[in-house]
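Opening the notebook for a new model today. I want the overall picture, then the sheet, then the charged pairs, then a few single residues.

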Amino acid sequence: MKTDLSTPYALIASLDREGRRVNRELRRDIGTGWRGVLLRVGDFRFLVDMDSIAEVADPMTLTRVPLADSAVLGVGNLRGLVLPVFDMGQLLLDRPLPEDASGQRIVVAPQGQGMAGLLVSQVEGMRRCIPSQRRLEVSVPEAVRPFITGGFDLGHRLHPVLDLDLLLNDNNRFTGTGLAGTSNSEQSAAAVG
């Protein structure tokens, strides 16, 4: 900022312009902030970074995968894309989601070279969070803790932030599902042998 010191009035005008510029930038930053999608998985709610979600889809007809882990619900067709779909309740909490829930949605997220579908109880919408709402410590079940990166206090409740990238790339979660660390030829050999 170039401050005009020629007169007291010029100094005040320069400071006023700079203050207005900083205020506009601050309002813009607060207006955008961190954007997350609030998901319900069973009785728990999680915020997920909006940038880690490709889309939210309605439940679809799935084809079961023989010998797959219990978290794998099957594969579906999403506009020509073969989409493996996982039960988030089973993945996170070791409890499958009820099959007849009307609010269920499939959250589609990048995974490796493709996409993965995650069945959730409900998508409750987008939330904008500002840095002052950020909390580092949140209370979550022990099994979920490795995938939580803090939380946001939205006034009425503290919502943990679930990192989908950490979850989808966790080798321990996907042992036997063929998603972590095995090629298609290795999967075929294992299925035949």
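Before anything else, the cut-offs I use for accessibility: a residue is buried under 20% relative accessible area, exposed over 50%, and partly exposed in between. Also a reminder to myself that this is a predicted model.

**Entry 1: a loop proline**

I tried those cut-offs on proline 146. Its relative accessible area is 55%, so proline 146 counts as exposed. I found proline 146 in the loop between strand S9 (134-135) and strand S10 (148-153). I also took a distance from there: the C-alpha atoms of proline 146 and leucine 162 are 9.2 Å apart, with the two positions 16 residues apart along the chain counted as separation.

**Entry 2: whole chain**

How many helices and strands does the protein chain have? I get four helices and eleven strands. Of the 193 residues in the protein chain, 33% are buried. The exposed area of the protein chain is about 11,700 Å², and carbon and sulfur atoms supply 52% of that. I then looked at contacts with a separation of 6 or more: residues 24 or more positions apart account for 48% of them.

**Entry 3: the five-stranded sheet**

In what order do the strands of the open sheet run? I read S3-S6-S7-S5-S4, five strands with mixed pairing. The edges are strand S3 (55-57) and strand S4 (72-78); each has a single partner strand, so one side of each has no neighbour in the sheet. I also checked the twist: neighbouring strands of this sheet are turned by 35° against each other on average, direction ignored.

I zoomed in on one edge. S4 pairs with strand S5 (residues 81-87) in the antiparallel sense, and I have six bridges for that pair. Valine 75 is opposite proline 84 in S5.

**Entry 4: salt bridges**

Now the charges. Side chains of opposite charge can pair when their charged atoms come close. The count here is seven salt bridges. I wrote up three of them.

Glutamate 124 with arginine 40: their side chains form a salt bridge at 3.8 Å, N to O. Glutamate 124 is in strand S8 (residues 122-129) and arginine 40 is in strand S1 (residues 34-41), so this pair ties together parts 84 residues apart in sequence. I have glutamate 124 as partly exposed at 22% relative accessibility, and arginine 40 as partly exposed too, at 23%. This pair has company: Arg40, Arg45 and Glu124 are linked in a network of salt bridges.

Glutamate 55 with arginine 79: the closest N and O atoms of this salt bridge are 2.5 Å apart. The pair links distant parts of the chain, with glutamate 55 in strand S3 and arginine 79 in the loop between S4 and S5, 24 residues apart. Is arginine 79 buried or exposed? Arginine 79 is exposed, at 66% relative accessible area, while glutamate 55 is partly exposed at 25%.

Arginine 105 with aspartate 58: here the closest N and O atoms of the salt bridge are 3.4 Å apart. Arginine 105 belongs to strand S6 and aspartate 58 to the loop between S3 and S4, so the pair ties together parts 47 residues apart in sequence. I get 28% relative accessible area for arginine 105, which makes it partly exposed. Aspartate 58 is exposed, at 52%.

**Entry 5: a buried histidine**

Where does histidine 159 sit? I found histidine 159 in strand S11 (residues 158-162). At a relative accessible area of 2%, histidine 159 is buried. I listed what histidine 159 touches, leaving out residues up to four places away in sequence: Leu38, Arg45, Leu47, Gly150, Gly151, Phe152 and Leu154. Arg45 on that list is also a member of the salt-bridge network with Arg40 and Glu124.

**Entry 6: an exposed glutamate**

Last stop is glutamate 99, in the loop between helix H2 (88-93) and strand S6 (105-111). Glutamate 99 has a relative accessible area of 80%, so I mark it exposed. For a distance, I took glutamate 99 to serine 121: they are 22 residues apart along the chain, and their C-alpha atoms are separated by 9.6 Å.

Terms used: Residues numbered from 1 in each chain as written. Predicted model: local features only at pLDDT ≥ 70, side-chain atom pairs only at ≥ 80, totals over all residues. Heavy atoms only, no water. Pairing = 2+ DSSP bridges. Helix = DSSP H or I, 4+ residues; strand = E, 2+ residues; numbered from the N terminus. Axes fitted to C-alpha atoms, helices over the stretch in contact; angles between N-to-C directions. Buried < 20%, exposed > 50% of the residue type's maximum accessible area, 1.4 Å probe, protein only. Contact = heavy atoms within 4.5 Å. Areas by Shrake-Rupley, 256 points an atom, 1.4 Å probe, with all protein chains shown as cover. Salt bridge = Lys/Arg side-chain N within 4 Å of Asp/Glu carboxyl O.
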